[in-house]
Amino acid sequence: MPGEWWHTRKHGKYITKQGLENLAGYGYHGVDNSFFGNLVLKYWWTWATEQFPLWMAPNLITLIGLVCNVVGYILVAIYAPTLTEPVPRWVCFVCGILIFTYQTLDNVDGKQARRTGSSSPLGELFDHGCDALTMTLLAFMLAGAMRIGGYLLFISLLIGWGPFYLAHWEEYHTGSLILGKFNGPTEAQLLIIALLFVTGIGGPSIWVHKIGEVAGRSITPNFIGILITIVFSAVNTFQNIWHVLRLPHRVMRLRDCLLQLVPYCAFLIMGGLWLGFNIKLVRQHPHVSINSLGLIFAYLTMRLIVNRVCREKTQRWHAILIPLLCFAIISVLSSITGQNAISQLPMAWALLAVGLLQVTFFSVSLIRQLTDHLDIYAFRIRPVTILYSPAPAATSSSSSSSSSYPASEQPSALLLDPEQRDSESDDSALEVS
């Protein structure tokens with residue numbers, strides 16, 4: 001319905017009326033087959049969840065995790081402006097600890113939501129949105145520690161962004177997010193943490209020692225690491241696409257499925273042309289140039305996730321791609337004519353500002369729209385009343401009608417809105433401030 005879509009966007013809202021109505025049937029479906037997660041870390045995550053007070057909102061936990069990654073990134077940006085400088089060893093240790101903290105909080109927030117009975121579509125959108133922003137930040141922290149440099153980081157991210165975006169595209173069609181035994185949120189992050197700790201022990205110089213030469217190119221450990229990353233990312237990308245192609249009962253034609261990837265493919269092509277013809281900019285100013293693309297990637301991913309959760313059609317084009325298209329055309333023409341009429345660094349700063357403003361505006365607008373529609377708060381849980389009642393004796397019939405929550409995630413209280421609280425008798429309720 002183009003008319004409704006235009007009216008929605010005109011008023012600064014990103015979900016149509018139909019999309020909001022579709023949230024009535026919302027339910028999260030995901031399977032985490034992580035080897036280390038199921039073997040060890042699930043016990044740590046369960047214990048960590050129980051340390052948080054019941055009044056702490058899950059989205060606040062998610063936000064703290066994002067802040068951890070931002071702090072780690074700022075440290076790397078200060079000590080490695082071109083990602084080739086040797087960062088202090090303590091920075092590597094701090095970044096490793098911050099990433100582990102983020103990973104813990106990223107798993108705790110969902111458990112806290114079920115524990116407090118505050119699960120909502122906003123929680124899933126906020127969680128995955130922070131993950132989309134985090135992906136680029138993690139890559140920067142590892143690149144700074146291993147002295148990879150802007151050019152190799154740019155190449156690896158062009159391919160590495162694919163599995164994250166296409167995993168949500170696959171979920172759009174399958175209805176479930178399935179994580180393999182070796183997946184990004186767990187095993188890949190543990191590998192990054194391990195590499196940061198190794199760098200902290202041995203120093204950043206261990207990654208730039210020449211161990212061979214191929215076709216005039218020096219082979220170093222960090223270069224081998226980039227090649228391995230690219231191979232694994234490419235394999236995961238093709239797996240995501242293949243899973244959608246072989247679906248026996250798709251909700252749309254194959255042509256329409258593939259057309260959904262037009263914005264992301266256009267982003268890759270235009271971003272590749274822009275920075276591919278400006279290697280000097282990437283090498284001297286990687287934080288500005290690559291982060292500008294990282295913000296656009298995060299925005300495109302957030303829009304796809306919103307369409308999936310609200311069961312809406314995806315858009316074939318986004319306005320944020322227009323400046324990137326202009327920059328790509330300018331770069332190609334400058335390469336053909338041999339003249340740079342416009343300095344690339346101001347263009348990179350401008351695109352960074354546009355991306356930051358767009359992501360901020362989108363996030364604020366989406367949070368406001370969903371909190372109004374769902375009648376919830378974003379970063380705090382409504383004041384609650386805890387009703388104390390004796391636990392029923394365990395019987396075979398009671399076990400069959402028990403809650404679907406795992407034993408470790410049973411809600412500790414019956415959460416009531418203030419209006420419901422008034423209907424309860426004073427001698428059966430205890431108000432919690």
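This is a walk through a predicted model, stop by stop, with what to select and what you will find there.

**The whole chain**

Start with everything shown as cartoon. The protein chain has 17 helices and six strands. Colour by burial next: of its 433 residues, 46% are buried. If you draw a contact map, look away from the diagonal, since among contacts with a separation of 6 or more, 82% join residues 24 or more positions apart.

**Helix α5**

Now select residues 89-116, which is helix α5. Its 28 residues reach 40 Å from the first C-alpha to the last, close to the 40 Å expected at 1.5 Å a residue. Follow the axis along to Val108, where a kink of about 25° is centred. Then step just past the helix to Gly117, which takes a positive phi of about 65°.

Go back into α5 and pick Gly96. Gly96 counts as buried because its relative accessible area is 0%. What does Gly96 touch, leaving aside its neighbours within four places in sequence? Show Ile193, Leu196 and Phe197 as sticks and you have its contacts. Add Gly72 as well: it sits 24 residues away along the chain, yet the two C-alpha atoms are separated by 8.5 Å.

**The second largest pocket**

Switch on a surface and look for a pocket of about 790 Å³, the second largest. It has 32 lining residues, and Leu66, Leu133, Leu295, Leu356 and Val359 are the closest to its centre, so that set makes a handy selection for centring the view. Two or more lining residues come from each of α4 (58-79), α6 (121-146), α13 and α15 (344-374). Of these, α15 gives the largest share, with ten residues. What is the lining made of, by residue class? Colour it and you get 25 nonpolar and seven polar residues, with no charged ones.

**The largest cavity**

Next, turn to enclosed space. There are two cavities of 30 Å³ or more in the structure, and the largest holds about 60 Å³. To frame it, select Tyr165, Gln260, Pro263, Leu300, Arg303, Leu304, Asn307, Thr314, Gln315 and His318. That lining splits into four nonpolar residues, five polar and one charged. Which helix gives the largest share? It is α13 (residues 286-309), with four residues.

Stay with His318 for a moment. You will find it in the loop between α13 and α14 (321-337). Is His318 buried or exposed? It is buried, because its relative accessible area is only 6%, under the 20% cut-off. Not counting residues up to four places away in sequence, His318 touches Pro263, Tyr299, Leu300 and Arg303. Of those partners, Pro263, Leu300 and Arg303 also appear in the cavity lining.

**Two backbone oddities**

Finish with phi angles. Most residues other than glycine have a negative phi. Select Arg147, in the loop between α6 and α7 (150-174): it is not a glycine, but its phi is positive, about 55°. Arg147 is partly exposed, with a relative accessible area of 22%.

The last stop is Asp375, in the loop between α15 and β5 (385-387). Here too a residue that is not a glycine has a positive phi, about 60°. Asp375 is classed as partly exposed because its relative accessible area is 48%.

How values were computed
Residues numbered from 1 in each chain as written. Predicted model: local features only at pLDDT ≥ 70, side-chain atom pairs only at ≥ 80, totals over all residues. Heavy atoms only, no water. Expected span 1.5 Å × (residues − 1). Bend = angle between axes of the 7 residues up to and from the residue. 1 Å grid on protein atoms, 1.4 Å probe; cavity = no way out; pocket = protein on both sides within 12 Å on 5 of 7 lines; lining within 4 Å. Points joined across faces, edges and corners; volume = space filled by probe spheres on them. Nonpolar A, V, L, I, M, F, W, Y, C, P; charged D, E, K, R; others polar. Buried < 20%, exposed > 50% of the residue type's maximum accessible area, 1.4 Å probe, protein only. Contact = heavy atoms within 4.5 Å.
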